[in-house]
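Open the structure in a viewer and keep the selection tool at hand. The tour goes from stop to stop, saying what to select and what is there.

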Amino acid sequence: MATISEDVPVLIVGGSLVGLSAALFLRRHGVDVLAVERHAGTAIQARAGHFHLRTVEILRSAGLEDAVRGKSEEQYPPDGGINNVESLAGREIANYFPNLNAGVDEFSPTIRLFINQDALEPIIRARAAELGARLRYGTECLSLEQDSDGVTAVIRDLASGAESQVRAQYVIAADGNRSPIREQLGIAMNGHGLLSNSITIYFRSKSDLGPLLADRNQGVHYVTNPLLRGFFRLDRSGNAGFLVVNLVGDISRPEIVAAYPSAPWANVAAGITEARALELLRAAIGIPDIPVVIENIATWRAVADSADRYRDGRVFLAGDAAHTVPPNGGYGGNTGVQDAHNLAWKLALTLSGVAGAALLDTYDAERRPIGELTVEQAFTRYVNRVAPYLGTDNTQPLVDDFSMEIGYRYNSAAIVLEPAVLESAVLESAGPESPAGALPLHEHPRESFGRPGARAPHVFLDREGGTGKDAVSTLDLFGTNFVLLTGPEGGDWHAAALAAAKEADVALDAHVVGAPGFPQAYGISPSGAVIVRPDGFVGWRAVAGSGDSPTGDEPEAVLRRVLRSLLCRDA
Ligand SMILES: Cc1cc2nc3c(=O)[nH]c(=O)nc-3n(C[C@H](O)[C@H](O)[C@H](O)COP(=O)(O)OP(=O)(O)OC[C@H]3O[C@@H](n4cnc5c(N)ncnc54)[C@H](O)[C@@H]3O)c2cc1C
């Protein structure tokens, strides 16, 4: 066996969207990382393309908004939409998003966008490398072994065949939906299982398909006709893109569905040929003899499942390794990037000794319920948009997109719940062991008001500076340290926070916010305060001034307790 050749605080297995994001976020917190990826480079094909508000907010905070928006505008119209058509040339059946960005400016300084995964990954990779991440392609992780002090991984350079050992404190398994590490750890997946053996047909058309869309916004176009169900993503040129086919045949007829319980229509990939793909593509375009060239056909499994645990000792699952969803709603990559963002600051503060080890337990406590919710919501969208034959008995009601993207809430030891919330949760909960069980997992961002556990709301700080992408938002204050925000009369909290943080040796920035609308957006009086965690979620809130503490405690004593709690130091 090779001797240990490298020591690294965090080893990331998988250098695709989520592994690269984890490397970037960890480097932003100053953590040394090594990511290994068996492929020779980043993704070579478009898969993810629809990126949600929260993901773009996170990329903005990492300094990537301009690069990502620039590339997105090269590839797609900025205000594209998502609809459902009989074929590109045919009738529109439904319109899910007439304009992807309708209404977003009320909630965010940035936008939703379309950018192909193979264009996004190099942007994240370059930034992670610039910040010092070690990214090793053509390198496979063969095995992991944990002990009480760390993890030993065997990796192999695929070009030379040379094997070596890496010693890490922690490992992030961002190794995709088939996750060999998850398998090795014996972590089961549960949910709706395999929905379809799908295909993606990458193509180029010799004629411009854009005019077929007439005045319908270009973006994602679901296709529902007697030959197939799936969706198109057409790029800005109007003559290239891909068609996903999830189902084939006329499953709108209940007698057919009833006659074939094995659902052969969901096995598109089996024996797929270029001729068959061409037939499906032409039927989806709606012009029988249109000249198109098929560049590639990828086969993949549409699955809606969640891992039973996101953590095993020193190993954390993130991205598709932790939850695998059908692409409807564009949740897979987005949720994975947000997993990595949640985990990075926790690993950083645990490694530096600032946080207690129990902070790492809050990764599973916070992200797994959101992952499960996401699996269900992606499944609901799959059934509604593609596979109504599955019926609604096993589907959750649709949660609106704003609530899913920026209204999901955390409930863990790293959130200081307000007494009123705790009380009502206890009253409503099913049993005494789960006093917080009844807390909502999501709410509309208009209703979150900066309650602990919610994403900190966006408020522009400088109205004079405009409201465009360069204007400064509260969100731009978050990303590395804890941040205390007080209203214009919250000077006591401000001074107390700085003193408490200094004593606790915690990096904390403090700002008195005078922007109109700030206290209302955060649900506090002008003398109230909130502490926002490095991931942009509210950890603690005092609705009123420090003099109104029900226990009569000095503000500094209150904040010392709060910081200990947010960092899980007493657990
Ligand atoms: C057609 C389609 C459309 C989609 N559209 C969207 C969308 O619009 N929005 C969205 O957010 N998501 C979308 N998704 C989902 C998205 O592509 C995935 O969720 C995302 O790629 C997950 O990223 P990941 O890094 O977790 O996993 P992956 O992208 O699967 O990457 C895992 C990586 O780990 C590597 N690896 C595995 N084992 C090892 C090992 N032992 N050693 C070294 N390397 C290893 C693999 O080579 C791979 O590169 C779509 C998916 C499909 C199929």
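**First stop: Arg-182**

Select Arg-182 and show what surrounds it. Not counting neighbours within four places in sequence, Arg-182 is in contact with Gly-176, Asn-177, Ile-187, Met-189, Ala-307, Leu-317, Asp-320 and Ala-321; contact means heavy atoms within 4.5 Å. Arg-182 belongs to helix α5 (residues 180-185). Helices (H or I, at least four residues) and strands (E, at least two) are DSSP runs, numbered from the N terminus.

Arg-182 is buried but has no salt bridge. Buried means under 20% relative accessible area, with exposed over 50% and partly exposed in between (1.4 Å probe, protein chains only). A salt bridge is a side-chain nitrogen of Lys or Arg within 4 Å of a carboxyl oxygen of Asp or Glu. Next, select Glu-183: this is the nearest side chain of opposite charge, 4.4 Å away. Lys and Arg count as positive and Asp and Glu as negative, while His and the chain ends are not counted.

A note on the model: it is predicted, local features need pLDDT of at least 70, side-chain atom pairs count only at pLDDT 80 or more, and totals for chains, interfaces and linings use all residues. Residues are numbered from 1 along each chain as its sequence is written, and side-chain values use heavy atoms, with hydrogens and water left out.

**Second stop: strand β2**

Select residues 33-36, which form β2. Val-33 and Ala-35 on one side are buried, as are Leu-34 and Val-36 on the other, leaving both faces covered. In a regular strand the side chains alternate between the two faces of the sheet.

Add strand β1 (residues 4-13), which runs parallel to β2 and is joined to it by four bridges. Two strands pair if DSSP finds at least two bridges between them. Val-10 has Val-33 as its bridge partner in β2.

Now add strand β7 (residues 134-136), which pairs with β2 in the parallel sense over three bridges. Here Val-36 stands opposite Arg-136.

**Third stop: Gly-210**

Go to the loop between β11 (189-205) and β12 (220-225), where Gly-210 is found. Is Gly-210 buried or exposed? Gly-210 counts as buried because its relative accessibility is 18%. Select Asp-235 as well: the two residues are 25 apart in sequence, and their C-alpha atoms are 9.2 Å apart in space.

**Last stop: a four-stranded sheet**

Select the open sheet with the order β20-β19-β21-β22, whose pairing is mixed. Its edge strands, β20 (508-512) and β22 (538-542), each pair on one side only. Finish with Val-532, which stands opposite Val-538 in β22.
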